[in-house]
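Please look over the model below before reading on. The notes that follow go point by point through its empty spaces, its core and a few single residues.

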Amino acid sequence: MNSIFKNELGEKEYYLCYEKSLDMFDMEYTSRYIPTTFGETHLLCFGDTSKKPLLLLHGMTMSSTMWYPNVKQLIQERCVYAIDIVGDFGKSKPAVAIKNRQAVGHWLLEVLNALQFNKVDLAGHSMGGFLSLNFSLAYPERVSKLMLYAPAGSFHNVSLKFFSKIYPALLFHTEYWINRAFRWFSGKGELLDPVFHAQVIAGYRHAKPLLHVMPSVFAKEEFNNFQIPTLLIIGDKEVIYPAKQAIENAKKLIFNLEIHLIAGACHSLTMEHAGIVNEITIHFLKK
């Protein structure tokens, strides 16, 4: 079993911060590990397990605790399973580095099979959005509805500025570079909530991701006969690509597409504009 953490002390510090972030959900949950050929996958379960499952995939380096502003509303409609993407920051324990789209799609398929879910609703933010769409294109029969929140790549190339912001944070691990990146992602130029911020800082300082998949644009041919009802939410102040162009590209590829461009929202829209994102999502799930 590989570890994303440099040493046990760093792992303990990160896990302690993760637990403190979980307190922000202010609700009951269960936590479990699912064995896959790619490693032990950690997930959090919220709500009534008799309800239809909604799987959430977090943004790069954010872990499942990023969903603390969203889950309390989402469990009105679904049982929510927040998954720590194997190889990324979080509590999953990778066995190998994941290096391509096919492998990461197969990893998620193994998770669904282990949970004995024939079909799920699937949602993801940023990198999680890219991975959600990647899975839906590969295994459309396993997805009922797809929700993409500012998905990385997917419909438009990610700007070079994104890499110039995120890689110094990964490389130098200092609070300055990490804060610089997250201020850029914020529509308000604000830092993350202090409790969650401490977890993110601990991740950058003590861990190195083993998820080596770069978000890219999906080819037009991959959408042939793609029928999954899809929700796309992007902020009009998105910084990783031009929001309106990404939306226009998505319209040409997905027939059954609902689009929302949120005024004043940037890349961190699921946190900074949680109220409207939750409302739109619940309405979409009820359809």
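**Notes on the cavities, core and selected residues**

1. The second largest cavity holds about 30 Å³ of space. A cavity here is a set of points, on a 1 Å grid over the protein atoms alone, where a 1.4 Å probe fits but cannot get out; lining residues have an atom within 4 Å of a point. Grid points are joined across faces, edges and corners, and a volume is the space filled by probe spheres set on the points. Rolling a probe the size of a water molecule over the atoms shows where empty space is left.

2. A word on the source. This is a predicted model, where local features need pLDDT of at least 70, side-chain atom pairs count only at pLDDT 80 or more, and totals for chains, interfaces and linings use all residues. Residues are numbered from 1 along each chain as its sequence is written, and side-chain values use heavy atoms, with hydrogens and water left out.

3. Which residues line the second largest cavity? They are L57, V104, G105, W107, L108, L131, N134 and F135. Helices α3 (101-115) and α4 (127-138) each give two or more residues to this lining. The top contributor is α3, with four residues. Helices (H or I, at least four residues) and strands (E, at least two) are DSSP runs, numbered from the N terminus. The lining splits into six nonpolar, two polar and no charged residues. Ala, Val, Leu, Ile, Met, Phe, Trp, Tyr, Cys and Pro count as nonpolar, Asp, Glu, Lys and Arg as charged, and the others, Gly among them, as polar.

4. In total there are two cavities of 30 Å³ or more. The largest has a volume of about 160 Å³. Its lining has 17 residues, and M60, H125, S126, F185 and H267 are the closest to its centre. Two elements, α5 (160-172) and α6 (175-185), give two or more residues to this lining. Here the split is 11 nonpolar, six polar and no charged.

5. Now the core. The largest nonpolar core has 105 residues, and W107 and L108 touch the most other members. Helix α3 gives the most to this core, with eight residues. Such a core is a set of buried Ala, Val, Leu, Ile, Met, Phe, Trp, Tyr and Cys residues joined through side-chain atoms within 4.5 Å. Leaving aside neighbours within four places in sequence, W107 is in contact (heavy atoms within 4.5 Å) with residues including F38, L57, I83 and I98.

6. Is S132 buried or exposed? S132 is buried, because its relative accessibility is 0%. Buried means under 20% relative accessible area, exposed over 50%, partly exposed in between (1.4 Å probe, protein chains only). S132 sits in helix α4. Beyond its neighbours within four places in sequence, S132 contacts L57, L122, A123, G124, L146 and L148.

7. Two loop residues give the contrasting case. D26 is in the loop between α1 (8-22) and β1, and D26 is exposed, at 59% relative accessible area. T49 is in the loop between β2 and β3 (53-57). T49 is also exposed, at 57%. Not counting residues up to four places away in sequence, T49 touches C79 and Y81.

8. Last, a strand pair. Strands β1 (residues 30-36) and β2 (residues 39-46) pair in the antiparallel sense over seven bridges. Strands count as paired if DSSP finds at least two bridges between them. A hairpin of two residues joins β1 to β2. R32 stands opposite L43 in β2.

Methods: On a 1 Å grid over the protein atoms alone, a cavity is a set of points where a 1.4 Å probe fits but cannot get out, and a pocket is an open set with protein on both sides within 12 Å along at least five of seven lines; lining residues have an atom within 4 Å of a point.
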